[in-house]
Amino acid sequence: MNTAPGGPARRIAVIGAGPGGLYFAALAKQLAPDRELTVFERDGREDEFGFGVVFSDETLDGIAEADPRVFAAISAEFARWSDIDIRYAGGVRTSGGHGFAALDRNRLRAVLRQRCEELAVDVRYRTPAPPVERLAAEYDLVVAADGIHSGTRAAWSQAFRPTTDERHCRYIWLATDKVFEAFTFIVERFDFGVLQVHAYPYSTTRSTFIVEIAEDAWRRAGFEALAAREFARGESDGQSVRRCAELLAGHLDGHRLIPNASRWIRFTTVRNASWHHRNVVLLGDAAHSAHFSIGSGTKLALEDALALAAALSEQPTTAEALAAYEAERRPVVESTQRAAQASLEWFETVDRRTGQDIDRFAFNLLTRSRRVTYDNLRARDADFVDAVDTAFGGSPGVPPMFRPLKLGALELRNRVVVPPLATFTSPEALPSAFDRAQLTGHALGGAGLVLAGMTAVTPEGRATDRCPGLWSDHQEAAWRELVRSVRAVSDTPLGIQLTHAGRRGATAPPGPDGIGRPLAEGWPLLAPSAIPWDADSPVPHEANHIQLAAATADFAAAAERAARAGFDVLELQFGHGHLVSSFLSPLTNRRTDHYGGPLAHRLRLPLEVLAAVRAVWPAGKPLLVRISACDWAPGGTTEAEAVAVCRALGEAGADAVDVSTGEVVAHQRPPYGRGYQTPFAELVRAATGLPTVAVGAISGADDADSVLLAGRADLVAVGRAQLYDPLWTLHAAAERGYTGPGVHWPEPWRAGSRKPPGPGTDRVAPRLHLLREPPAPVHRRWSAIPPEE
Ligand SMILES: Cc1cc2nc3c(=O)[nH]c(=O)nc-3n(C[C@H](O)[C@H](O)[C@H](O)COP(=O)(O)OP(=O)(O)OC[C@H]3O[C@@H](n4cnc5c(N)ncnc54)[C@H](O)[C@@H]3O)c2cc1C
Ligand SMILES: Cc1cc2nc3c(=O)[nH]c(=O)nc-3n(C[C@H](O)[C@H](O)[C@H](O)COP(=O)(O)O)c2cc1C
């Protein structure tokens, strides 16, 4: 419970004279000179730890405005550049237009320290802060800017409720006297594994040089043995530093690596459920951390300082100021942490991509956090994206999503898929008028492939009492008629997803949470083990071998019917906790016969179903399988298992895998967010060579293009966004001015194939500056010799 005091804070204690603590103290004093500010710092005034810190243009705007004197002082020392170099597989690729500025962390602290002195902030060096309890009693406000290992956070952990996530890679933070000209990523494969470097210049004599390596490769490289002794405070692991210098000599051009208390460590992501308690507030790394690969620790700390100082002036009481500070900063920080998480996972699994050639690898690296995309890379440096486009068989101006793909004998005109989207409009288990309308709409909407929603292979296999089926002649005829009517207006390939819902059957259509509740009067459910979905669900029957053979035969019979109905593509639902999915997951399959236990056994039913379907489904027609590559619950399907499953499915005749996740158990905890399932599509594609469909919160054309060009998937399924706008693909083409063969505007709609003018379309801005500034050059590089002004 927070019980923060009222009234404005006059006496403020700050723990830690890092960039966050000092900048806050200076701003708070500048805004209200009658405040008394005391900063406690355990290290000495002249102690120098750390190397360069790096900023993007955006943060600099905030600093420039908040305190022009600080900004003038630090910008005079900035190394500035706009390029990112990616050194990989013996080559270099450069992407321009990014806008970076860096400086020595110790110079930044010196500037901030001087500003504090000018403003009469009392900064006490070599003075460990008194216990927080005491400070909280003596001061109106205590700002804990005491870094990633914050003692304040630990002392009051019950109030802040921190979580720490220590990651899998090892890294060592170093400098070098080689002055890099750009932000430089080095990814190099050795016999022990992949070594990666994040390097950037921060003065005319130095660059930061962070070496990162996966834990197992770190062991194989012999670093574990070197690091296995006690180091004194401030001591560096000299042997490891020398070994890094040897291994990376080719990138150092005779320059040295310079340690400063440098040892192998593991990055820890810090989060806190609350950032303030009573009159104590966390700021900077004490409150949150974000992986160094997106270079934002100092940026976040300075932004926090700005927001907290502003809130103290804007709000009538300290309590309200602390609440306003957290409300403003938390969403920004969490957004950065999501990007940082995607980025750190990318680097942790970099060896997954080292089969890619340099153009695709460079694009993949740059788009790793999902914040930098195809469109914004193009806006920054069109030549770079054109080169990647061209290297992958495209031509400049043809977005990746509008390139054709051959699946089996079927040529898709573009890479956009409408995934199965059940309509729940079939009380009689027949395709409904709405199914027809939806499929017609999507077929006209421009996607390369449209899939009908889940369709049961047997009456008990229906997920809800409003799902269609394909087990009778009557249903087959109704589907045939539907396909015929769509064909009359569109040649877009149509597919259907076949399923047996297993223990997820006999529910009402899903509510707002996407989960259907059990029907009051349902039907008997079948599952590998007698485990209900949740406490409210009926207990399913453990399927016997006869029932499993029958289910397999039902899938095959429905597949034959789908072929006769005229579908071009078949998708088997082996994910989302349906019958076959429940056999795959160790959380739902507890059998002891040869359908349960090790993965080879859990794969038996899926492979039997696939073989039976493949035998009857026409050879040239694509057969897709949807899987849940992860259960988002402890003890669930592992990445290695997901890969093994897909490999087996590919060998048994699947033409592509539609890589979804979750919905296998009710207690799942997926980290929903843009493109959050895409890394699994990338994993499967890289490990098995099978074409993959990426799906899940991919809603912009820009994201789709990024996924495709980075080689994370071959097709992109866009679900809810195509419910929002069934003409999503046509509109994506119109927005980009694309008119080639990758989309087909229905002839009667051709007059509408250009984006209609909106308000402001005809507005022409007058000249606002006497002399226009020339556009910034795309490529700006840093140089050891200061440029002449
Ligand atoms: C030694 C060191 C070197 C770093 N080097 C780099 C680098 O080269 N490049 C980079 O981008 N980032 C570096 N960082 C991280 C970067 O400084 C932070 O991500 C970012 O600046 C956030 O700043 P902060 O003010 O929140 O925390 P920090 O910069 O970590 O500052 C926290 C300060 O609190 C002090 N402190 C902690 N506990 C107490 C206590 N009980 N009493 C008094 N003082 C206390 C610490 O001595 C430290 O000075 C480094 C951090 C440290 C601590
Ligand atoms: C209304 C609706 C119905 C769905 N029906 C099915 C279905 O029948 N079979 C299936 O595998 N997934 C189904 N899904 C999941 C989607 O195919 C897709 O995987 C999911 O919506 C994530 O993609 P999105 O974020 O682009 O929407 C459905 C989703 C929605 C929103």
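At what angle do helix H18 and helix H19 pack, and how far apart are their axes?

I looked this up first: helix H18 (residues 473-487) and helix H19 (residues 545-565) pack at an angle of about 35 degrees, and their axes are 8 Å apart. The axes are lines fitted to C-alpha atoms, for helices over the stretch in contact, and angles run from 0 to 180 degrees between N-to-C directions. Helices (H or I, at least four residues) and strands (E, at least two) are DSSP runs, numbered from the N terminus.

Before going on I noted that this is a predicted model, in which local features need pLDDT of at least 70 and side-chain atom pairs count only at pLDDT 80 or more, while totals for chains, interfaces and linings use all residues. Residues are numbered from 1 along each chain as its sequence is written, chains are lettered from A and ligands numbered from 1 in the order in which they are written, and side-chain values use heavy atoms, with hydrogens and water left out.

Back at the first pair, I found that Asp473, Glu476, Trp479, Arg480 and Val483 of H18 meet Arg561, Arg564 and Ala565 of H19, where contact means heavy atoms within 4.5 Å. I sorted the residues of this contact into 3 nonpolar, no polar and 5 charged; Ala, Val, Leu, Ile, Met, Phe, Trp, Tyr, Cys and Pro count as nonpolar, Asp, Glu, Lys and Arg as charged, and the others, Gly among them, as polar.

I then followed H19 to the strands, and saw that H19 lies across strand S23 (494-499) and strand S26 (569-574), running at about 165 degrees to S23. Both strands appear in a closed barrel of 8 strands with parallel pairing, in the order S21-S22-S23-S26-S27-S28-S29-S30. Neighbouring strands of this sheet are turned by 25 degrees against each other on average, direction ignored. For strand S29 (residues 692-695) and strand S30 (residues 715-717) I noted 3 bridges, with Val693 opposite Leu715; two strands pair if DSSP finds at least two bridges between them.

Next I turned to helix H3 (residues 68-75) and helix H4 (residues 105-118), whose axes come within 10 Å and cross at roughly 150 degrees. H3 and H4 are therefore roughly antiparallel to each other, a term for angles over 145 degrees. The contact involves Arg69, Val70, Ala73 and Ile74 of H3 with Leu108, Val111, Leu112, Arg115 and Glu118 of H4.

Last, I checked strand S2 (residues 36-40), where 4 of the 5 residues are buried, that is, under 20% relative accessible area (1.4 Å probe, protein chains only). Strand S1 (residues 11-15) pairs with S2 in the parallel sense over 5 bridges.

How values were computed. Parallel < 35°, antiparallel > 145°, perpendicular 65-115°, else oblique. Buried < 20%, exposed > 50% of the residue type's maximum accessible area, 1.4 Å probe, protein only.
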